[in-house]
Amino acid sequence: DFKETLAITREMLANHKEKNRIHLQATDLTKDSFGTNMDAVLLSDVLYDEAMAGPILQNTWNCLRLNGLLIIRGYYSDAQNMKPLFGALFVLNMMTFDSNRKVITLQTLPEIVCRAGFAIMQKSALTERSFLLIAKKVKT
């Protein structure tokens, strides 16, 4: 994440007993290595642009051990699920910056994740506005 965000996260983790098991780093998600042999990677509010999804998911796949978990949380439009208005407005907001952007939806997200070598384990509403997808690395 961004340096500023990580400073806040470190503050929040300071009193947790598991803080030494959590690795935080500022990075370019499309280019920089995330590390190796990781148990899990959380991509929260990251995966929205189809053009960026391939490099980000490849980096994620490279750092995970076999059966390691990919956890994606975000605001995705989905006309078939809980209160899609926020997801639709979020997508519209993203497209105001680049009208040619191909935005990931809740319907396209599983396909993109599977193409990257992951198996979907769970896809569900997390809140009224956000969704959660959990997948595991299945191929080597």
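Let's start with Asp-45, which counts as partly exposed because its relative accessibility is 37%, and the cut-offs put that label between under 20% for buried and over 50% for exposed. Please keep in mind that this is a predicted model. You can find Asp-45 in the loop between β1 and α2. Its backbone deserves a look too: phi of Asp-45 is positive, about 55°, although the residue is not a glycine.

Now go back along the chain to Asn-37, another residue other than glycine with a positive phi, near 55°. Asn-37 sits in the loop between α1, residues 3–13, and β1. Is Asn-37 buried or exposed? Asn-37 is exposed, because its relative accessible area is 58%, and over 50% is what earns that word.

Let me step back to the whole chain for a moment. There are 4 helices and 4 strands, and if you walk along the sequence you meet them in the pattern α-β-α-β-α-α-β-β. The chain has 140 residues, and 33% of them count as buried. Its accessible surface is about 8,800 Å², with 55% of that belonging to carbon and sulfur atoms. Here is a number about the fold: among contacts with a separation of 6 or more, 64% are between residues 24 or more positions apart.

Next, helix α2. How far apart should its ends be? The helix has 14 residues, so at 1.5 Å a residue it should span 20 Å; the end C-alpha atoms are 21 Å apart, which agrees. At the start of α2, a side-chain oxygen of Asp-49 comes within 2.9 Å of the backbone nitrogen of Ala-51. Several residues of the helix are buried, including Ala-53, Ile-56, Leu-57 and Trp-61. The buried residues of α2 pack against β1, β2, α4, β3 and β4.

That takes us to the largest nonpolar core, which has 25 residues. Among the members that touch the most others are Leu-47, Leu-57, Ile-72 and Leu-109. Two or more residues come from each of β1, α2, β2, α4 and β4. Which element gives the most? It is α2, with 5 residues. For a closer view, pick Leu-109: leaving out neighbours within four places in sequence, Leu-109 is in contact with Leu-47, Ile-72, Tyr-76, Ile-104 and Leu-133.

Now for an arginine. Arg-73 is placed in strand β2. Why does Arg-73 count as buried? Its relative accessibility is 15%, and anything under 20% is called buried. The side chain of Arg-73 has a polar contact of 3.4 Å with the side chain of Ser-130. Beyond residues up to four places away in sequence, Arg-73 touches Leu-43, Ser-44, Asp-45, Tyr-48, Leu-126, Ser-130 and Phe-131. Did you spot a familiar name there? Asp-45, where we began, is one of the residues that Arg-73 touches.

My last stop is Phe-90, in helix α3, residues 85–97. Phe-90 and Tyr-75 are 15 residues apart in sequence, and their C-alpha atoms are 6.9 Å apart in space. Not counting residues up to four places away in sequence, Phe-90 touches Tyr-48 and Tyr-75. Tyr-48 also appears in the list for Arg-73, so do look for it when you open the structure yourselves. Thanks for listening!

Notes: Residues numbered from 1 in each chain as written. Predicted model: local features only at pLDDT ≥ 70, side-chain atom pairs only at ≥ 80, totals over all residues. Heavy atoms only, no water. Core = buried A, V, L, I, M, F, W, Y, C linked by side-chain atoms within 4.5 Å. Buried < 20%, exposed > 50% of the residue type's maximum accessible area, 1.4 Å probe, protein only. Contact = heavy atoms within 4.5 Å. Polar contact = N/O pair within 3.5 Å; in protein donor to acceptor, adjacent residues only side chain to side chain. Areas by Shrake-Rupley, 256 points an atom, 1.4 Å probe, with all protein chains shown as cover. Expected span 1.5 Å × (residues − 1).
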